Amino acid sequence: MKAMTYRQYGGPDVVTLSEVEKPTPKPNEVLIRILATTVTTGDFRARSLNMPAGFRLIGRLVFGLIAPRQPILGTELAGIVEAVGADVINFNPGDEVIAFTGGAYGSHAEYRTMPETGTIALKPTNLSFEEAASLSFGSMTALPFLRDKARIKAGDRVLVVGASGAVGTAAVQIARHFGADVTGVTSTSNVKLVAALGAHRVIDYTQTDFAMTGETWDIIVDTTGTVAFARCAHSLKTGGRLVAIQGSFAQTLGIGKPSKASGKEVIAGYVPARPDDLRYIARLASNGELKPVIDRVYQLEDAAEAHAYVDTGRKRGSVVLTVATGEFETATGRPAGVLAS
Ligand SMILES: NC(=O)c1ccc[n+]([C@@H]2O[C@H](COP(=O)([O-])OP(=O)(O)OC[C@H]3O[C@@H](n4cnc5c(N)ncnc54)[C@H](OP(=O)(O)O)[C@@H]3O)[C@@H](O)[C@H]2O)c1
């Protein structure tokens, strides 16, 4: 099968088209014919080993000391079940599915196997394959951080810094879903997009520094690595939480965390990928509460170009790779998602 592979760390041009062996499903696995996938910041980090301070060595240990252990990138996909193993009971050939391959990657290819108990769910029928493929990376991060770690509740005031990125667009919509009052922080050209996602208010960071407004929030989600606790402590209510999605090594280890007496918390680190969460996200998308945001669409073969765009750090929502066209209709023609431009 066709796959985009990388055999060494580096810039976008280390990603090249290869012919690799088509996987065969084990008894508990489904074989998915991939129709759409995305290039995410997860792919950028695994490809470049460009990590937040202190994580570079850990990156090599995770992805491969000398060269990448998993040559096929891609953290999320949408496609059609082509075959199922003998023990599979919940999926059938022909099912339209989404899957979050996360840190195991392997979605930038024509096929991927997944255990049926893995992070795989039926594709929301109101979404095209491109839209469905771009649902999970941001949401599988934002949902557990907001719900489980930051313990979001209705009425909370939530600030999302980096509201136009993959994680930010999901965080805005998921915070709204939980009944929060949401403020998004973005630059001028993305203000309309963030408002369209349901943010009650949008702060244009080129005009206003949220930390200088005198306002306070219960939860500040920072997807950009620009909000140190020292910068935002006075912008957090008593009991307030800074969720450092792009947390530093020190934040992840809890070094320099606020004292108990301050009544404030810094939350960083990673969140587990749970199949139930993917099904939850699919339900939100089905009922229109979570709209995928697509910035650009490339062909699988043009993945290096897509990587170069993701590397700019300016993408809005998701950058999609279309894996197959023609035989299957990949776009529903219904504008269920939000196109960033
Ligand atoms: N902890 C975890 O488990 C986890 C999981 C997933 C991702 N991450 C990390 O989270 C970070 C964000 O990921 P992502 O996929 O959402 O990134 P992304 O999609 O590339 O984010 C790009 C967006 O960030 C915005 N941005 C950049 N600088 C900004 C600033 N100073 N203030 C406000 N907005 C700013 C840009 O908007 P403008 O052009 O308007 O500035 C752009 O739309 C990455 O570092 C990623 O590695 C962590």
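The ligand site, a nonpolar surface patch and the salt bridges of a predicted model are described below.

The ligand is surrounded by 25 residues, and the closest of these are Arg45, Ser187, Tyr205, Arg314 and Lys315. Sorted by class, this shell consists of 14 polar, 8 nonpolar and 3 charged residues. Four secondary-structure elements, namely helix H1 (41–48), helix H4 (136–149), helix H5 (166–177) and strand E9 (181–186), each contribute at least two residues to the shell. The largest contribution comes from H4, which supplies 3 residues. Both domain 1 (2–135 + 292–339) and domain 2 (139–267) are represented in the shell, each with at least three residues.

Several polar side chains approach oxygen atoms of the ligand. For Arg45, which is also among the closest residues of the shell, a polar side-chain atom is placed 2.7 Å from a ligand oxygen. In the case of Gln246, the distance between a side-chain N or O atom and an oxygen atom of the ligand is 2.9 Å. The corresponding distance for the side chain of Thr186 is 3.4 Å, again to an oxygen atom of the ligand. Taken on its own, the ligand has 930 Å² of accessible area, of which the protein covers 88%.

On the protein surface, Ile58, Val62, Phe249, Leu253 and Ile255 form a nonpolar patch of about 440 Å². Helix H2 (56–63) and helix H8 (249–253) are the elements that provide two or more residues to this patch. Leu253, one of the patch residues, belongs to helix H8.

Side chains of opposite charge can pair when their charged atoms come close. Across the whole structure, the search identifies 17 salt bridges. One salt bridge joins the side chains of Asp148 and Arg274, with an N to O distance of 3.2 Å. Asp148 is located in helix H4, whereas Arg274 is located in the loop between strand E13 (265–267) and helix H9 (275–286); the pair therefore ties together parts that lie 126 residues apart in sequence. Helix H4 thus appears in two settings, as a contributor to the ligand shell and as the element that holds Asp148.

Notes: Residues numbered from 1 in each chain as written. Predicted model: local features only at pLDDT ≥ 70, side-chain atom pairs only at ≥ 80, totals over all residues. Heavy atoms only, no water. Near = heavy atom within 4 Å. Polar contact = N/O pair within 3.5 Å; in protein donor to acceptor, adjacent residues only side chain to side chain. Areas by Shrake-Rupley, 256 points an atom, 1.4 Å probe, with all protein chains shown as cover. Nonpolar A, V, L, I, M, F, W, Y, C, P; charged D, E, K, R; others polar. Domains from an automatic or database assignment. Patch = residues over 30% accessible without salt bridge, like charges linked within 9 Å, V, L, I, M, F, W, Y side chains within 5 Å. Salt bridge = Lys/Arg side-chain N within 4 Å of Asp/Glu carboxyl O.
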